[in-house]
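Let's take a guided walk through this assembly, one chain and one interface at a time. Have the model open as you read, and follow along.

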Amino acid sequence: MIKKTDVSITTWILIAFGTVNIAFLATGKLGFNGKGLGIITAVAITLAMYSFLYKDNPVFKIAENIFVGVAMGYSIIIVWFNILKPDVFEALIVPMFKDTGNAPQYLVIVPTLLGLFMFLRFSSKLSWLSRWSFAFIVGMGSGIAIPNFINAILLRQLEPMLAPLYTGSFWGTIDTLLVLIGVVSVLFYFFFSMEHKGVIGGVSVIGIWFLMIAFGASFGYTVMARMSLLIGRIQFLLKDWLGIIQ
Amino acid sequence: MEKLLKIDRRILFVLVALAVTIPLLFRFKMPVPPTRHVKSMYNKIDSLSEDSHVLISFDYDPSSKEELQPMAHALLHHCFKKNIKVIGMTLYPAGTGLAEKAIKEIGKEYGKKSGKDYVFLGFKAGSSLVIMNMGEDIYTAFQEDFYGKKTVGMQALKGVRSLRDIDYAVNLTASGIYEAWIVYGKEKYNFDLGVGCTAVMGPEMYPFIQSSQLTGFMGGLKGAAEYETLVGHKDRASAGMAPQSVVHVLVVCFILFGNFIYFASGRKK
Amino acid sequence: MNFLKRTVPMIIAFVMGVLMAFQYYVPHEASQNLLKVVTRWGMIISGFAMFIGAYSLFHMHWNRIKHKVSGWGYSIFMFFGAGIAIISGLYNGGELFWNDKQSGTMFDWIFDYVQVPAGATIFSILAFFMASAAYRTFRARNKEATILLISAIIVMLGRVPVGTMISQYIPIAADWIMTVPNLAAKRAILIGVSIGVIATSIKIIFGIEKAYLGGGD
């Protein structure tokens, strides 16, 4: 049910928005060109998105759906120009029918077929063929992951843990010891095959403390990240649109 | 007193908006002393000679643009100022528009030309597969650049065959792709890697810094502001430090005040 | 038929898995060429896979319109946005889609002035909700929550310039939190997750984990 007050608020905002932009266009502050009209469009979308802070409303939903559509449309076109056109169309298909000076790359037939098989997932009779494509990707990914993860994460992350505790300074040594205690205790906490009682229970409690400090730090950094995004948008409104800050 | 806890959230929203807007309007400046992790990245690029190759992977989309685009700008200013050849690419489809704009605009400021002083390779899907393919041969991974020009023989890529020939790689990331760069790139093909990440991901970088798998990292807008300070090109990130400080103090006040009321009212649920 | 439907994919996963795992240990040119070829194949398949996501999205919104689900009208705007982006991309500034991508076209305009502001703004809304949640729900209810809260406050102040202005020790404390307890916890999580990745990969290769095959026969 749309309230009368909401309609009047929307009307006033639209009038104010229209007046400001007409004034900007008339005075030349915003050019009557792609950039000027683009900034007005971007501001309209920004404000439509922020209208959600007042409450969920149709303007927000429309902007949200347009965004989802544009983002998907953009990805499709980028995939065409960056992958399918150079790696399939120009590498395999065009040289098969036209002399481009390059021989067709027949090896590309394999991934093209496997790629097309993926679409059969939506067919009731041939969906099993899509499994071949997924098996190829998943099998290959798994095989590649095993040695690389052992080397780059397990061994490389354990390496600093095997270094001597004494680092040359008292506090440095304490910190190294704390890192060692922290890693071991958190790993104990995540070890669910044994009941967390007695010594294991005690060690995993220390693990929880380490985790809590780390989660606190992550919360702090998350606040930082979200506020940065907001600062960026306010900078856009004040600088690029209203031009009241340099 | 408990009524204060049930305050309309829109009042809190207005306070947040004011905490960001007022410092931006009054432009009070705050010192941004560079931290050692950002300095390491800066020093690494600064130590490179002319015509060295720095690869920047712009692995983010508009949702994290406000944090990562200032980093990209600061890095590009540094590279172009030092006449370093920049190789740009992205593993995000929506990263193409942002990356292209950044390289093109900043390259123009320094009179740099596409194909000669820099190359933007565009987007490829498959993250870790792309990294490994580039590790074997950059020219099979990217047979053409973003504009459809053949990469073989391109002046900006002179002397580069694979990731092993890159002097420094920077992954600007908003997701776990940095891990793929470490696991399937840096460790496999042995090149120096730095990361510029969103602040949310900042805490995840510390184990990799200690194990020397990363040369340095920039975390969030603050990291970008530090790099801007080092390059001597203060821009949006530096301007954002005043509101960032004020809004952090506001959130801390919210937490403390919320807890004060909670305890004062007898810790009721 | 069951052989083609279930056994063949498991054979493909096994062969590819074992082949690629062994490839890592063979620094021969042929082995490197193999890696080059299959990773390129994987990249092309991943390109096709992106269309699966597109199909799912369009299918879902089409069904909403078709069955007149509550709020179906908004789905029309999704198709409108996608349509404009796709048409302008295919038109490619008059060069059409089989030629090289042109710069500065309507397609780029839509990205710069629709997708970028919308994407950036929608995530910045979270800033307001985080502040609100901090006020309403972030309580020192017990020992663990108190540790979390203190750590969060120190990091929040220590990581912005104002922290130094309040006390020179705040950034030092924040730095210590990041480089000692945070590092330890993150490293432990990293090791745990990696063991998980390796274990799952082994299960996939040997056909114990078959979720990727989906349901049905």
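A good place to begin is inside chain A: the buried residues of helix 6 of chain A pack against helix 7 (198–241) of chain A, and also against helix 7 of chain C. Keep in mind that what you are looking at is a predicted model. Which residues of helix 6 of chain A are buried? They are Val179(A), Gly182(A), Val183(A), Ser185(A), Val186(A), Phe188(A) and Tyr189(A).

Next, check the geometry of that helix. Helix 6 of chain A runs over residues 170–189, and because each residue should add 1.5 Å, its 20 residues should span 28 Å; the end C-alpha atoms are indeed 28 Å apart, which agrees. Its partner within the chain passes the test as well: the 44 residues of helix 7 of chain A should span 64 Å at 1.5 Å a residue, and the 63 Å between the end C-alpha atoms agrees with that. Just after helix 7 of chain A, look for Gly243(A), which takes a positive phi of about 65 degrees.

Now set these helices against the database record. An unreviewed UniProt entry annotates residues 12–30, 36–54, 66–83, 103–120, 132–150, 170–192 and 199–221 of chain A as "transmembrane region". Two of these spans are worth tracing in the model. Residues 170–192 of chain A are 87% helix and 0% strand, with end C-alpha atoms 35 Å apart. Residues 103–120 of chain A are 61% helix and 0% strand, and here the end C-alpha atoms are 30 Å apart.

The domain assignment offers another view of chain A, dividing it into domain 1 (105–162) and domain 2 (164–241). The C-alpha centres of these two domains of chain A lie 32 Å apart.

From here, step across to chain C. How many residues of chain C are in contact with chain A? There are 97, and they meet 96 residues of chain A. The elements of chain C that give two or more residues to this side are helix 1 (2–23), helix 2 (29–66), helix 3 (72–91), helix 4 (106–137), helix 5 (143–158) and helix 7 (169–205). By class, this side of chain C holds 74 nonpolar, 16 polar and 7 charged residues.

Chain C also touches chain B, in a contact that takes 45 residues from chain C and 46 residues from chain B. Helix 2, helix 4, helix 5, helix 6 (161–166) and helix 7 of chain C each give two or more residues to this side. The largest share, 15 residues, comes from helix 4 of chain C. The residues on the side of chain C that touches chain B divide into 24 nonpolar, 10 polar and 11 charged.

That brings us to chain B itself, which has 11 helices and 6 strands. Its C-alpha trace spans about 70 × 35 × 30 Å along the principal axes. Of the 269 residues of chain B, 62% count as buried. Among the contacts in chain B between residues at least 6 apart in sequence, 72% join residues at least 24 apart.

The domain assignment of chain B gives domain 1 (2–26 + 246–264) and domain 2 (36–237), and 37 Å separate the C-alpha centres of these two domains of chain B. Finally, find residues 246–264 of chain B, which the unreviewed UniProt entry annotates as "transmembrane region". In the model this span of chain B is 100% helix and 0% strand, and its end C-alpha atoms lie 26 Å apart.

Technical notes:
Residues numbered from 1 in each chain as written. Chains lettered and ligands numbered in written order. Predicted model: local features only at pLDDT ≥ 70, side-chain atom pairs only at ≥ 80, totals over all residues. Contact = placed C-beta atoms within 7 Å. Helix = DSSP H or I, 4+ residues; strand = E, 2+ residues; numbered from the N terminus. Nonpolar A, V, L, I, M, F, W, Y, C, P; charged D, E, K, R; others polar. UniProt positions renumbered as here; feature names shortened; annotations may be inferred. Domains from an automatic or database assignment. Expected span 1.5 Å × (residues − 1). Buried ≥ 20, exposed ≤ 12 C-beta atoms within 10 Å, placed from the backbone.
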